[in-house]
Amino acid sequence: MTARELWICPYWQRQFTKRNQSHACSIYTGEQHIEKANPVVITLFKNLVDLVGNCGDSIIEATKTSITFKTPEMFTVVHLLKRWLRITFWLPRPVQHPRIQRIDPNTPHSYAHHIRIDSVHDLDQQLQNWLCEAYMFAM
């Protein structure tokens, strides 16, 4: 399997970049998350989708607890919480910034950055720059 070939779960047809990737065999939709969300969170999520769309084409896939943006490599994960969004994105280096709540090293060259989005004002050019860098990093 080359870097561009995807492994497809034979049961649910989900696509993964690694053969036999560990996963929960179930299908969720973004709509299922949105149905449960309050109007503020729905607005934040829809604006986030537009922001991510400015980076290029991506696959949006939902799991039980989150919505993932993939290239097909995962580059951003969103949790729709009661009044805000928690966004995680991966960059090749740690970025120290007051908006970034936590950084977790995944590998020596991949760092998960966690950020909280409370208002549409948080969905700004700075966040788009990070998301687009994460998008390119996942390519």
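A contact means heavy atoms within 4.5 Å. The views below show a predicted model, in which local features need pLDDT of at least 70, side-chain atom pairs count only at pLDDT 80 or more, and totals for chains, interfaces and linings use all residues. Residues are numbered from 1 along each chain as its sequence is written, and side-chain values use heavy atoms, with hydrogens and water left out.

**View 1. The whole chain contains 3 helices and 8 strands.**
Helices (H or I, at least four residues) and strands (E, at least two) are DSSP runs, numbered from the N terminus. From start to end, the order is β-β-α-α-β-β-β-β-β-β-α. Of the contacts in the chain with a separation of 6 or more, 48% join residues 24 or more positions apart. Of the 139 residues, 40% are buried (under 20% relative accessible area; exposed is over 50%, partly exposed in between; 1.4 Å probe, protein chains only). The chain exposes about 8,200 Å², an area from the Shrake-Rupley method with a 1.4 Å probe. Carbon and sulfur atoms supply 53% of that surface.

**View 2. Strands β4, β5 and β6 are linked by two hairpins.**
Strands pair if DSSP finds at least two bridges between them. β4 (67–70) and β5 (74–80) run antiparallel and share 4 bridges. Their hairpin has 3 residues between the strands. Across this pairing, Thr68 stands opposite Val77 in β5. On the β6 side, β5 is again in an antiparallel arrangement, with 5 bridges. A hairpin of 4 residues makes that connection. β5 is largely enclosed by the rest of the structure, because 6 of its 7 residues are buried.

**View 3. Glu73 sits in the loop between β4 and β5.**
Glu73 has 32% relative accessibility, so this residue counts as partly exposed. Met139 is 66 residues away from Glu73 in sequence. In space, the two C-alpha atoms are 6.9 Å apart.

**View 4. Thr76 is a buried residue of strand β5.**
The relative accessibility of Thr76 is 0%. The bridge partner of Thr76 in β6 is Phe89. Leaving aside residues up to four places away in sequence, Thr76 touches Ile67, Thr68 and Phe69, then Ile87, Thr88, Phe89 and Trp90, and also Leu131.

**View 5. Strand β6 pairs with β5 and with β8.**
β6 covers residues 85–91. The strand is mostly covered, with 6 of 7 residues buried. With β8 (residues 110–117), β6 pairs in the antiparallel sense over 7 bridges. Within this pairing, Ile87 has Ile115 of β8 as its bridge partner.

**View 6. The structure holds 3 aromatic pairs.**
Rings of Phe, Tyr and Trp (its six-membered ring) pair if their centres lie within 6.5 Å; planes under 30 degrees apart count as stacked, over 60 as edge-to-face and the rest as tilted. Phe69 and Phe75 make a tilted pair, 6.4 Å centre to centre with 55° between the planes. Phe69 is buried at 1% relative accessible area, and Phe75 is buried at 0%. The rings of Phe89 and Trp130 are stacked, because their centres are 5.9 Å apart and their planes meet at 20°. Phe89 is in β6 and Trp130 is in helix α3, so this pair ties together parts 41 residues apart in sequence. Phe89 and Trp130 are both buried. Ring pairs also link Phe69 and Phe75 with Tyr135 in a cluster.

**View 7. Helix α3 packs against strands and another helix.**
α3 spans residues 125–138. Its 14 residues reach 20 Å from first C-alpha to last. That is close to the expected 20 Å (1.5 Å times one less than the number of residues). Buried positions in α3 include Leu127, Gln128, Trp130 and Leu131. Cys132, Ala134, Tyr135 and Ala138 of α3 are buried as well. The buried residues of α3 pack against helix α2 (39–53). They also pack against β5, β6, β7 (100–107) and β8.

**View 8. The charged end of Arg116 sits over the ring of Trp84.**
The criterion is NZ of Lys or CZ of Arg within 6 Å of the ring centre and within 35 degrees of the ring normal. Here the charged end of Arg116 lies 3.9 Å from the centre of the Trp84 ring.
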